[in-house]
Amino acid sequence: MHKVFITGTDTGVGKTFISSLLVKKFNAYYFKPIQTGSREELDSKTVQYLTGLEDKYFLSATYLFKEPVSPHLAAKIENREIDIKDIYCPNETPLIVEGAGGVFVPLNKKFFMLDLMKHLDLPILVVARSTLGTINHTLLTIKALKRKNLDVLGVILNGPLNQENKIAIEYYGKVKVLAEIPWLEVITPSVLDSLVNEIDIDL
Ligand SMILES: Nc1ncnc2c1ncn2[C@@H]1O[C@H](COP(=O)(O)OP(=O)(O)OP(=O)(O)O)[C@@H](O)[C@H]1O
Ligand SMILES: C[C@H](N)[C@H](N)CCCCCC(=O)O
Ligand SMILES: [Mg+2]
C-alpha cells in the first residue's frame, strides 16, 4: 500500500473509522485535505486517538472550515473559496487521504470531491454502509468514479454483515468488496487494535 484516497457513499458511513484501521495496519500517514466542522473534533484527531501514532503521521489540512456543512457552503460562510489546485498530494508514504462526504459533494461553484480525486489521481477505496440502500448508493458511486477513469481498488462494507449486499455490489458494480467490518458496541484504541489483526486486507 503506497497511497490511497478513501471516499464514501455518504457522510458518516465510516471513512474516518476505516482510515484509522488502515493507518494503524500499515503505519501510514493521514491527510484530510478539506475538513469542515472544525469546531467539533477533527477527523485527524480521531484517527490519532484511535491509532496512538505520533504527531508526524498527521498532515495538516489544506482547508479547514468551522461549520459542519458541505465544503462549498462552509467556505462561502467564511467568504473563502476552495481552489483544487492548492491541494498537493503529500510525498509521505504509506498515505491515507480522506475525502469529505461522498463523490458529488460540491467544493465550489464548479467542482466536486470527484474533481479533487481526479486532481490527486490516487487509487480509490469506497467505504459503504452494509445495510439496506447500500446497493444503489455504492453502484452510483462506483459509476461516477469509473466515468472519471479513476482506479477503484474496491469497496469496504461497514456495519452488520450482509452477504447478499456484498454479492450484489460485486456483481453489478464489477468491483471487489475487500473487507467487511462489523458494527461494534464501542470504538476504542484496543478494539481497533484487535480488528487490525483480524482484518485481512492488502492494498
Ligand atoms: N463499524 C462501526 N461500528 C460502530 N461505530 C461505527 C462504525 N463505523 C463508524 N462508526 C461510528 O459512526 C460515526 C461516523 O463514522 P465516521 O466518522 O468514520 O464517518 P465518516 O464517513 O468519516 O464521516 P465524515 O463524512 O464526517 O468524514 C462515528 O461516530 C463512528 O465512530
Ligand atoms: C460536516 C460533515 N461531517 C462532513 N465532513 C461534510 C459532509 C458534506 C455532505 C454534503 C452532502 O452530501 O449533502
Ligand atoms: Mg470522516
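This briefing describes a sheet, two helices that lie against it, and one annotated residue. The structure is a predicted model. Its sheet is open and consists of 7 strands with parallel pairing. The residue is Lys-32, which a UniProt record lists under "active site".

**The sheet**

- The strand order across the sheet is β4-β2-β6-β1-β7-β8-β9.
- At the edges are β4 (58-59) and β9 (177-181), each of which pairs on one side only.
- Strands of a sheet pair through backbone hydrogen bonds, and the pairing can be parallel or antiparallel.
- One pair is formed by β1 (residues 3-8) and β7 (residues 124-129), which are joined in the parallel sense over 4 bridges.
- Within this pair, Gly-8 has Val-127 of β7 as its bridge partner.

**The helices on the sheet**

- Helix α1 (residues 15-26) lies across β1, β2 (29-31), β6 (95-102), β7, β8 (152-158) and β9.
- The direction of α1 is at about 175 degrees to β6.
- Helix α4 (residues 113-120) also packs on the sheet, where it touches β1, β6 and β7.
- The direction of α4 makes about 160 degrees with that of β6.

**Lys-32**

- The "active site" label for Lys-32 comes from an unreviewed UniProt entry.
- Lys-32 sits in the loop that runs between β2 and β3 (34-36).
- Lys-32 counts as buried because it has 25 C-beta neighbours inside 10 Å, and the cut-off for buried is 20 or more.
- Apart from neighbours within four places in sequence, Lys-32 is in contact with Asp-43, Ser-44, Ala-61 and Glu-98.

Definitions and conventions. Residues numbered from 1 in each chain as written. Chains lettered and ligands numbered in written order. Predicted model: local features only at pLDDT ≥ 70, side-chain atom pairs only at ≥ 80, totals over all residues. Pairing = 2+ DSSP bridges. Helix = DSSP H or I, 4+ residues; strand = E, 2+ residues; numbered from the N terminus. Contact = placed C-beta atoms within 7 Å. Axes fitted to C-alpha atoms, helices over the stretch in contact; angles between N-to-C directions. UniProt positions renumbered as here; feature names shortened; annotations may be inferred. Buried ≥ 20, exposed ≤ 12 C-beta atoms within 10 Å, placed from the backbone.
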